[in-house]
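This report describes selected local features of a predicted model. The sequence and structure are shown below.

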Amino acid sequence: MTTPLLEIRNLKKYFPVRAGILQRVVGQVKAVDDISFQIAEGETLGLVGESGCGKTTVGRTLLRLYEPSGGRILFDGQDVTEIRGRELRELRADMQIVFQDPYSSLNPRMTIKGIVEEGLVVHGIGTRAERLEKVKDTLIKVGLDPSYINRYSHEFSGGQRQRISIARALALNPRFIVLDEPISALDVSIQSQIINLLNDLKDEFKLTYLFISHDLSVVEYISDRVAVMYLGEIVETAKSEDLYANARHPYTKALLSSVPSIDPKTKKERIVLDGDVPSPINPPQGCRFHPRCPVAMDICQEISPQPLDLDGHIVRCHAVEQEVGQLVSIGKTETSESDPHE
């Protein structure tokens, strides 16, 4: 296997909960809790899950917009968590982000030229004339007229604003871009245009994406692999076609059952999960999904399942361990087969 462009090892991000007059820390919101994954160069990894599961926190922590509480972030072999100052600023030219809301992510007091050019100015790239040409060329790449450079963001539609956001990320010629739900705030008629644009830019500039979304149909279309998050943990990772054809984790199956089919003759059994998502301040012991899981066992309440690699399809579930004969019993490790001497 080739060396991944981005490798996440046991990443954690906790937010302190403060209370009282002295604002003492009384707890921790475990937004991201000990996750690991890799993204190969030129690959798109889709990150999906319910709202509040920690997807956006993962993306922002990778770029050090949030400081990680633990773990390592390796970008092209360099540990992002250990660098500071100029070295970090230089690295950020290779790692960019497109935010979810194009209305709040663009400075209304800056012209389009200023917005797209800002990164070039910060990094001291090019002369004024060279930066102007770069801005115009980048706007053309994202499907906008270069004559727009002296306009302001409020003069554009939502789809056009998101194209400006993409141009801002693209101006520095990055290698890796976090796409934080880039189409969720757009009209359905515009979403497909932005998705196709992102695919074209990926091919043209050899980009690597982390595509964060709750829209499973879009993730299936754009992603090479998909990681499923639940309550701060990644519960399943697989190639896109494998995950959608053969989901193993009960949570993934429930998510996929909610995706409407384009074929009216196809009927899918909807899996309705009981209860609400537990609080990330006090997540359940053992498997975090067990209070809502339709196939939960006693062991699920006691022991957190470890990643099980099934020929590249990685899943954390005791029920799957039982299926393949690798269930870990409470207090001892054994296969799920019964002992003939008992």
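Helix α6 comprises 18 residues, 188-205; at 1.5 Å a residue these should span 26 Å, and the end C-alpha atoms are indeed 26 Å apart, so expectation and model agree. The buried residues of this helix are Gln191, Ile194, Ile195, Leu197, Leu198, Asn199, Leu201 and Lys202. An α-helix has 3.6 residues a turn, so residues three or four places apart point the same way. Among the elements that cover the buried residues of α6 are the strands β3 (44-48), β7 (176-180) and β8 (208-212), together with the helices α4 (128-141), α5 (158-170) and α7. Just after α6, Lys206 adopts a positive phi of about 55°.

Ser223 is located in the loop between α7 (216-222) and β9 (225-230). Its relative accessibility is 8%, under the 20% limit, and Ser223 therefore counts as buried. Beyond its neighbours within four places in sequence, Ser223 is in contact with Thr44, Leu45, Gly46 and Ser240. The polar contacts of its side chain include the following.

| Partner atom | Distance from the Ser223 side chain |
|---|---|
| Val219 backbone oxygen | 2.9 Å |
| Gly46 backbone nitrogen | 3.4 Å |

Elsewhere, four strands form an open sheet in the order β2-β1-β4-β5, with antiparallel pairing. β2 (24-39) and β5 (78-79) are the edge strands; each has a single partner strand, so one side of each lacks a neighbour in the sheet. The antiparallel pairing of β4 (residues 70-75) with β5 rests on 2 bridges, and Phe75 stands opposite Gln78 in β5. Helix α1 (residues 55-62) lies across β1 (6-19), β2 and β4, and runs at about 110° to β1.

Terms used:
Residues numbered from 1 in each chain as written. Predicted model: local features only at pLDDT ≥ 70, side-chain atom pairs only at ≥ 80, totals over all residues. Heavy atoms only, no water. Buried < 20%, exposed > 50% of the residue type's maximum accessible area, 1.4 Å probe, protein only. Polar contact = N/O pair within 3.5 Å; in protein donor to acceptor, adjacent residues only side chain to side chain. Contact = heavy atoms within 4.5 Å. Expected span 1.5 Å × (residues − 1). Pairing = 2+ DSSP bridges. Axes fitted to C-alpha atoms, helices over the stretch in contact; angles between N-to-C directions.
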